[in-house]
Amino acid sequence: MDFDTIIIGAGAAGLICAAQAPGKCLVIDHAKAAGEKIRISGGGRCNFTNLYASAENYISRNPHFAKSALARYTQWDFIDWVARSGIAYHEKTLGQLFCDTSAKEIVAMLLKGVAEAGGQVQLNTTVQSVTKIEGGYAIQLSCPHGPRAVTARNLVVACGGKPIPKMGATDFALRLAQQFGLPVTETYAGLVPFTFSGAQHEAFKSISGVAAPARLQTNGTAFDEAVLFTHRGLSGPAALQVSSYWSPGDVLTLGLLPEEELRRAVREAKETEGRKSPLTIFTRLLPARLVPVVLNDLALPERIADLTAVQLDGLTARLTQWQLTPAGTEGYRTAEVMVGGVDTAALSSKTMMAKTQPGLYFIGECVDVTGWLGGYNFQWAWSSGWVAGQAI
Ligand code: FDA
């Protein structure tokens with residue numbers, strides 16, 4: 001065999017795997033630079049992990065699958081490597097760790113790890129075909145200088161998911177899984193803004209740029225983070241989080257105020273400033289531009305003192321449980337992650353090797369393990385890549 005291991009994809013998972021893999025290892029990528037998604041992530045500062053990462057922060061058909069890898073290579077292991085590499089970092093919010101200076105430092109750290117392990121990274125290279133051979137895999141590559149046929153005992157598929165095709169994202173990992181008879185779960189864009197149509201779209205467009213803390217939920221899953229109204233619909237951390245749990249046609253429930261706070265505000269306003277309009281009262285609790293848009297179709301009295309019990313119920317329903325039906329999402333064009341992927345039922349949770357294909361591994365985003373917003377997806381890439389590298 002030419003190599004002990006060939007890794008397809010020089011992204012987060014592929015690079016950490018190569019930094020662990022013993023023997024002769026080649027990482028190939030069709031991009032012209034390694035770790036491009038790392039470089040642009042977190043606004044250029046890479047939210048590289050989360051202090052609170054655990055299997056509960058991931059979506060998968062098998063919610064237990066991620067436990068083993070996450071326990072064997074934890075956020076603390078990666079933080080330790082970052083610290084030993086002299087990379088300064090900070091917690092932004094909710095346990096999210098970012099580089100102080102630049103995401104490029106993480107890419108450099110990973111590439112140094114690969115070089116120290118004796119691995120090679122070959123860019124601008126595409127895979128033409130993969131064939132199973134006795135004791136390994138034969139891979140036909142198209143390199144900048146022409147075609148090249150290589151063989152390896154192990155083949156690690158680390159070529160990510162479908163988000164941001166403009167950056168070279170492909171469904172190659174999923175096609176390769178299918179070629180080897182591995183099941184693939186339904187995939188869709190996650191951590192992605194919602195779009196709206198008709199009157200709702202016009203209304204949100206009119207308050208584009210307005211943000212508010214909220215509780216947003218769908219299908220029984222809720223996130224308490226900010227929402228951001230945009231010229232196309234709804235974004236912000238709460239919307240991105242919920243998008244990973246949303247299917248077309250599902251309703252979103254937007255809570256802009258806790259019910260208790262709302263009822264107390266109305267009670268006090270009725271007692272002390274009953275002549276004021278409900279809109280005036282609520283602009284103290286919510287962004288001023290948002291209030292008329294949220295309440296525009298409710299029949300409300302001129303004076304808050306005249307608000308009836310029925311009207312209060314309507315107001316409460318609107319501000320605590322506004323029912324919204326998105327037209328769709330922005331899709332893979334802007335999504336941060338692909339939900340779904342290679343079915344975990346076909347993989348060993350300890351090694352990430354395909355149960356029916358000795359020497360064939362799938363790691364990172366192409367696997368049906370999808371993290372929340374906040375550094376969880378990189379942690380999955382580190383953990384799954386590390387365990388595969390150890391197993392090889
Ligand atoms: P990754 O996408 O990193 O790497 C795959 C590699 O395979 C790429 O280098 C690609 O060029 C290559 N490839 C693809 N198809 C190929 C083919 N056919 N042949 C050869 N090579 C091929 N997560 C997080 O935890 N914190 C964050 O701050 C962010 N921020 C963020 C911002 C943006 C804009 C996006 C799009 C995504 C994020 N993410 C994130 C998600 C995170 O980037 C993602 O989960 C990981 O990069 C996944 O790591 P992988 O190694 O699996 O794929």
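## A salt bridge to start with

Arg 61 and Asp 343 form a salt bridge, and their closest N and O atoms are 3.3 Å apart. The term salt bridge is used for a side-chain nitrogen of Lys or Arg within 4 Å of a carboxyl oxygen of Asp or Glu. Arg 61 sits in the loop between strand E4 (58-59) and helix H3 (66-72), while Asp 343 sits in the loop between strand E19 (337-339) and strand E20 (360-362), so the pair ties together parts that are 282 residues apart in sequence. Helices (H or I, at least four residues) and strands (E, at least two) are DSSP runs, numbered from the N terminus.

Before going on, please note that this is a predicted model: local features need pLDDT of at least 70, side-chain atom pairs count only at pLDDT 80 or more, and totals for chains, interfaces and linings use all residues. Residues are numbered from 1 along each chain as its sequence is written, and side-chain values use heavy atoms, with hydrogens and water left out.

Are the two partners buried or exposed? Arg 61 is exposed, at 60% relative accessible area, whereas Asp 343 is buried, at 8%. Here buried means under 20% relative accessible area, exposed means over 50%, and partly exposed is in between (1.4 Å probe, protein chains only).

## More salt bridges

The structure holds 16 salt bridges. One of them joins Asp 4 to Arg 153, with 3.3 Å between the closest N and O atoms. Asp 4 belongs to strand E1 (residues 3-8) and Arg 153 to strand E10 (residues 146-157), so this pair ties together parts that are 149 residues apart in sequence. Asp 4 is partly exposed, at 23% relative accessibility, and Arg 153 is also partly exposed, at 41%.

Glu 330 forms a salt bridge with Arg 333, and their closest N and O atoms are 2.6 Å apart. Glu 330 is buried, with a relative accessible area of 14%, but Arg 333 is exposed, at 54%. Through salt bridges that share partners, Arg 232, Glu 330 and Arg 333 become one network.

## Around the ligand

How many residues surround the ligand? There are 30 of them, and the closest are Ala 13, Asp 29, Thr 170, Glu 365 and Phe 378. A residue counts as near the ligand if one of its heavy atoms lies within 4 Å of it. This shell divides into 14 nonpolar, 12 polar and 4 charged residues. In this grouping, Ala, Val, Leu, Ile, Met, Phe, Trp, Tyr, Cys and Pro are nonpolar, Asp, Glu, Lys and Arg are charged, and the others, Gly among them, are polar. Helix H1 (12-20), helix H2 (36-40) and helix H13 (376-391) each supply at least two shell residues, and H13 gives the largest share, 4 residues.

Backbone atoms take part too. A backbone N or O atom of Ala 12 lies 3.1 Å from an oxygen atom of the ligand. A polar backbone atom of Gly 42 is 3.3 Å from a ligand oxygen, and one of Asn 377 is 3.4 Å from a ligand oxygen. Each pair fits the cut-off for a polar contact, a pair of N or O atoms within 3.5 Å. The protein covers 92% of the 1,000 Å² of accessible area that the ligand has on its own. That area comes from the Shrake-Rupley method with a 1.4 Å probe.

## Helix H1

H1, one of the helices that supply the shell, is mostly covered, with 8 of its 9 residues buried. Those buried residues are Ala 12, Ala 13, Gly 14, Leu 15, Ile 16, Cys 17, Ala 18 and Ala 19.

## The whole chain

The protein chain has 13 helices and 21 strands. Its C-alpha atoms fill a box of roughly 85 × 40 × 35 Å along the principal axes, and 54% of its 392 residues count as buried. Ala 53, in the loop between strand E3 (47-50) and E4, is buried at 13% relative accessibility. Its C-alpha atom is separated by 21 Å from that of Ala 189, which is 136 residues away along the chain.

An unreviewed UniProt entry places "domain: RsdA/BaiN/AoA(So)-like Rossmann fold-like" at residues 4-390. That span is 31% helix and 25% strand, and its end C-alpha atoms lie 13 Å apart. The UniProt annotation "domain: RsdA/BaiN/AoA(So)-like insert" (unreviewed entry) covers residues 188-337, where the chain is 35% helix and 23% strand, with end C-alpha atoms 9 Å apart. UniProt positions follow the numbering used here, feature names are shortened, and annotations may be inferred rather than shown by experiment.

Notes: A polar contact is a pair of N or O atoms within 3.5 Å; within protein, one must be able to donate a hydrogen and the other to accept it, and residues adjacent in sequence count only if both atoms are side-chain atoms.
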